[in-house]
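The following note is offered to a colleague beginning to read protein structures. Please keep the model in view while going through the numbered points.

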Amino acid sequence: MAAVRETVRAVEALEGEKYAHGFITTIEQEFAPKGLDADIVRFISAKKGEPQWMLDWRLEAYERWLQLEEPNWAKLGYPKIDYQDLFYYAAPKEKIELDSLDQVDPEILATYKKLGIPLREQEVLAGVKGAPRVAVDAVFDSVSVATTFRAELAKDGVIFMPISEALKEHPELVRQYLGSVVPVSDNYFACLNSAVFSDGSFVYIPPGVRCPMELSTYFRINAQNTGQFERTLIIADKGSYVSYLEGCTAPMRDENQLHAAVVELVLLDDAEIKYSTVQNWYPGDSEGKGGIYNFVTKRADCRGDRSKVSWTQVETGSAITWKYPSCVLKGNDSSGEFYSIAVTNGRQQADTGTKMIHLGERTKSRIISKGISAGRSSNTYRGLVTAHAKAKGARNFTQCDSLLIGKDCAAHTVPYIEAKTPSANFEHEATTTRLSDDQLFYCQSRGLGVEESVALLVNGFVRDVLQKLPMEFAVEAQKLVAVSLEGSVG
Amino acid sequence: MTMLSISNLHVSVGETEILKGLSLDVPAGEVHAVMGPNGAGKSTLSYALAGKGGYEVTQGTASLNGEDLLALDASGRAAKGVFLSFQYPLEIPGVPALTFLRTAINAQRKARGEAEMGAPEFLKTARAAATSLKMDFDMLKRGLNVGFSGGEKKRMEILQMAMLAPRFVILDETDSGLDIDALRIVSEGVNALRAPDRSMLVITHYQRLLDYIKPDRVHVLSAGRIVASGGPELALELERDGYDKFQRAA
């Protein structure tokens, strides 16, 4: 109930400032020259002081990328991206010491404030006493500037640091697992990421350890024309558990910004990872001008028996979303879950869903997708559920619900289902409904305003998924959904 | 004192005029019944009073305690104390009745510049209302009206009414879809809310409901106008003779 009130307040508070995150901070950047060639890849690698094998890996990715073609099978329309017209490296000029937050550029802290970096995370960043234990690895334009709680995590043997540092401190782990879930040439965007990724998070949870706090990362895109190429690698060793939260905002821009992140999750026997995302990057103006292009590859490899992975995503931002967090269920009795809320408004286009690849015996998966389209947007759920011959007794349940608000939006559901063993049991349910005038009137006749009514009805529609999010994220996500749909009725 | 005052009300839906100069006064504390055949405009009257979109008032006035209702949107009218008990209550998946009600109560309070109702008071009121309507309190934790029977939905309407404490209530075909037991429970719920500062408009086809909710006045609506008014005996007359002579009169 409180959350609904929060939603309502959020809607009211944001009246007239649709996208509060639209601003630009002025921090000196150190750019690599525009465009992409092997020298730029070398520049990035050198900037980070990487070992030779890493540079070779990047260069191989670059060579492969040149051979690949940009995919066009998604239900997305956008002008051709000129990959030579982008910067591939930008970082705050000063290296900031991690042990003292006082040394963090006040502009950066101010940026977090403006972003409303939610809730207590800011306190955590600011080192406020009694702040909740959420570890934040903040990514500000490609380079992590602050990592908190690292020492405390280290007591349990948990490693949580920028991947650029992990390359220096734990090269054996990075080398063993990087690209083992999403191979270098997996797809066009992942391949590009492999060549030029700037930074990202690295997490390792040792055997039997339950990570004592939720890990959290905030991504931002700030430098003009800088594509963001984050790389995240999380390894949950045998019998370990971790919950990872990722939330993003970006400043307003006139030119489209490219984002091609890769997230790899590795799960060994009996390991469990919960990965939650709230994404509200700038979606562009009402005509779709200036929004983020978001081409993301996220995949979990349940290579251990009885391992369990859960993706939860709330996607409200970006002009273009191309994203299919997937689960490769290799281990026997492993399971994968995908819970998604995708909201599109204005001219936004989203083509998102998941892949559940059942390889092991008795593997289970569950997909709950809630798509909401408003304005003149297009929202596509694209999912693949497949059972290989050895995946005896594989089970999947899929539920895909679409909600349409207004007359000019579109919702599409594209499920692919393949079972190569007769013992697989797949269920698929799908509904498409329109937010009805009668429901709206019913709410209004009880005293709720139009925006309040929409927020209430939409929150009801996405409730199953919101409940899967960690508490503090759920509240934020609920606000976001309401704000994203502001003005979509009446 | 007159609470609801409707004068020469004309309402169109699309190109079709449904109410054609309806006039009606309901004094404070009174319960008036509006009866009429199918297509007479009964539901149009309730929707037009509650402020549903698509019901266009082309002429006439409607006021509540002297305040112009037609100038307000649906939520504004609710805040002024108008409550419509729907003939077909809507289902709101994923929104528990308790959430819905608390949001509604506090939206109305806010519109009136009053303090929000706190959680303890709210839950206490909700429990009491559920008990008096013989509803399982757990039903209020489920999606509003989702999977409810017709009778349960009507009880939920009355529960909402009890909790929102409106000044002016429109009961639109509240008896439809109710068995005898449910009809009695719902009627008792309505009767419990009769008060000197609350008026009700009971819209119905059948006299049956008026055995339980005794009206002070009965009006016959036919072809978009009130064509006859009288005491409770008028309802009995209608039950016996049908609407024929009024339809001819219209």
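1. In this predicted model, the contact between the two chains draws 19 residues from chain A and 25 residues from chain B. On the side of chain A that touches chain B, helices α10 (437-444) and α11 (450-461) of chain A each supply at least two residues. Helix α10(A) gives the most to that side, with 6 residues. Sorted by class, the side of chain A that touches chain B holds 8 nonpolar, 6 polar and 5 charged residues.

2. Chain A as a whole deserves a brief description. Its secondary structure comes to 13 helices and 21 strands. Of the 490 residues in chain A, 56% are buried. Among contacts in chain A with a separation of 6 or more, 83% are accounted for by residues 24 or more positions apart.

3. Helix α3 of chain A (residues 52-67) lends itself to a check of length. The helix has 16 residues, and at 1.5 Å a residue these should span 22 Å; the C-alpha atoms at its ends are 23 Å apart, which agrees with that expectation. The expected span counts one less than the number of residues, because that is how it is defined.

4. Which residues of α3(A) are buried? They are A:R58, A:A61, A:Y62 and A:W65. Seen down the axis of α3(A), the buried residues fall within an arc of 100 degrees, and therefore they line one face of the helix. The face turned away from this buried side carries the exposed residues A:Q52, A:W53, A:D56 and A:Q67. The cover over the buried residues of α3(A) includes α2 (38-47) and α9 (188-196) of chain A.

5. Chain B contains an open sheet of 6 strands, in the order β6-β9-β10-β3-β11-β12, with mixed pairing. Its edge strands are β6 (82-85) and β12 (225-230) of chain B, each of which pairs on one side only. From one strand to the next, the twist averages 20 degrees.

6. At the β6 edge of this sheet, 4 bridges join β6(B) to strand β9 (residues 168-172) of chain B, and the two run parallel. Within this pair, B:F83 stands opposite B:V169 in β9(B). Helix α5 (residues 150-164) of chain B packs on the sheet and touches β6 and β9 of chain B. The direction of α5 makes about 170 degrees with that of β6(B).

7. At the β12 edge, strand β11 (residues 217-222) of chain B is joined to β12(B) by 5 bridges, and these strands run antiparallel. B:V218 stands opposite B:G230 in β12(B). The two strands form a hairpin with 2 residues between them, and B:A223 in the turn has a positive phi of about 50 degrees.

8. Chain B also has an open sheet of 4 strands, in the order β2-β1-β4-β5, in which the pairing is antiparallel. Strands β2 (16-27) and β5 (67-68) of chain B stand at the edges with a single partner strand each, so one side of each is left without a neighbour in the sheet. Strand β4 (residues 55-64) of chain B and β5(B) are joined by 2 bridges and run antiparallel. In this pair, B:L64 stands opposite B:E67 in β5(B).

Conventions
Residues numbered from 1 in each chain as written. Chains lettered and ligands numbered in written order. Predicted model: local features only at pLDDT ≥ 70, side-chain atom pairs only at ≥ 80, totals over all residues. Pairing = 2+ DSSP bridges. Axes fitted to C-alpha atoms, helices over the stretch in contact; angles between N-to-C directions. Contact = placed C-beta atoms within 7 Å. Nonpolar A, V, L, I, M, F, W, Y, C, P; charged D, E, K, R; others polar. Buried ≥ 20, exposed ≤ 12 C-beta atoms within 10 Å, placed from the backbone. Arc of directions from axis to C-beta.
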